[in-house]
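Student: I would like to learn how to read a protein model step by step. Could we go through one together?

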Amino acid sequence: MTQEQNFSNVTFLTVQEVAELMRVSKMTVYRMVHAGELPAVRFGRSYRVPANAVESYLRSAVVDGTDTQGPSSSAHTG
């Protein structure tokens with residue numbers, strides 16, 4: 001069974017654009033793509049990443065700061 005996807009409304013970003021948006025290197029973006037952390041489509045020798053995939057990744061990576069363990073007990077007290 002094949003699913004047809006409508007790509008008419010998808011905005012694709014280059015690896016350079018993703019790197020600038022995330023403030024990481026292009027190599028980091030390539031690693032994320034090859035590790036399967038960030039979906040991408042290959043066009044010839046270059047990759048394009050759907051903009052909504054970058055937004056989803058960033059949303060899921062947000063740290064809310066609710067650490068329930070408190071300060072580490074091994075902290076140095078002078």
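Tutor: Gladly; we will go from the overall layout to the sheet, the helices, the core and a salt bridge. Keep in mind that this is a predicted model.

Student: Let's begin with the layout. How many helices and strands does the chain have, and what pattern do they follow along the sequence?

Tutor: A good habit is to list the elements before looking at how they pack. Here there are three helices and three strands. Reading along the sequence gives β-α-α-β-β-α.

Student: Now the sheet. In what order do the strands stand, and is the pairing parallel or antiparallel?

Tutor: Spatial order and sequence order are separate things to read. The three strands make an open, antiparallel sheet, ordered S1-S3-S2. Strand S1 (12-14) and strand S2 (41-43) are the edge strands; each has a single partner, so one side of each has no neighbour in the sheet. On average, neighbouring strands are turned by 40 degrees against each other, direction ignored.

Student: How many bridges join S1 and S3?

Tutor: Three bridges link S1 to strand S3 (residues 46-50), in the antiparallel sense. For one position in that pairing, look at Phe-12, which sits in strand S1 and stands opposite Pro-50 in S3. Their C-alpha atoms are 4.5 Å apart, although 38 residues separate the two along the chain.

Student: Is Phe-12 buried, partly exposed or exposed?

Tutor: Here a cut-off helps: buried means under 20% relative accessible area and exposed means over 50%. Phe-12 has 28%, so Phe-12 is partly exposed.

Student: Which helices lie across the strands, and at what angles do they run?

Tutor: To read such packing, choose a strand as reference and compare the axes. Helix H1 (residues 15-22) lies across S1 and S3, at about 85 degrees to S1. Helix H3 (residues 51-60) also lies across S1 and S3, running at about 65 degrees to S3.

Student: What about the interior? Which residues of the largest nonpolar core touch the most other members?

Tutor: For a core, ask who is in it and which elements they come from. The largest nonpolar core has 13 residues, and those touching the most other members are Val-18, Val-29, Val-33, Leu-38, Val-49 and Val-54. H1, helix H2 (26-35), S3 and H3 each give two or more residues to this core. H1 supplies the largest share, four residues.

Student: Could we follow one of them? Which residues does Leu-38 contact, leaving aside neighbours within four places in sequence?

Tutor: Leu-38 is in contact with Val-18, Val-29, Met-32, Val-33, Val-49, Ala-53, Val-54 and Tyr-57. For the chain as a whole, take the contacts with a separation of 6 or more: residues 24 or more positions apart account for 42% of them.

Student: And how much of the chain is buried?

Tutor: Of its 78 residues, 19% count as buried. The chain exposes about 6600 Å², with carbon and sulfur atoms supplying 50% of that area.

Student: Last topic: how many salt bridges does the structure hold, and where do the partners of Arg-59 and Glu-55 lie?

Tutor: For a salt bridge, check the atom distance, the location and the exposure of both partners. The structure holds one. Arg-59 pairs with Glu-55, and their closest N and O atoms are 3.8 Å apart. Both lie in helix H3, four residues apart, or about one helical turn. Arg-59 is exposed at 58% relative accessible area, while Glu-55, at 45%, counts as partly exposed.

How values were computed: Residues numbered from 1 in each chain as written. Predicted model: local features only at pLDDT ≥ 70, side-chain atom pairs only at ≥ 80, totals over all residues. Heavy atoms only, no water. Pairing = 2+ DSSP bridges. Axes fitted to C-alpha atoms, helices over the stretch in contact; angles between N-to-C directions. Contact = heavy atoms within 4.5 Å. Core = buried A, V, L, I, M, F, W, Y, C linked by side-chain atoms within 4.5 Å. Buried < 20%, exposed > 50% of the residue type's maximum accessible area, 1.4 Å probe, protein only. Areas by Shrake-Rupley, 256 points an atom, 1.4 Å probe, with all protein chains shown as cover. Salt bridge = Lys/Arg side-chain N within 4 Å of Asp/Glu carboxyl O.
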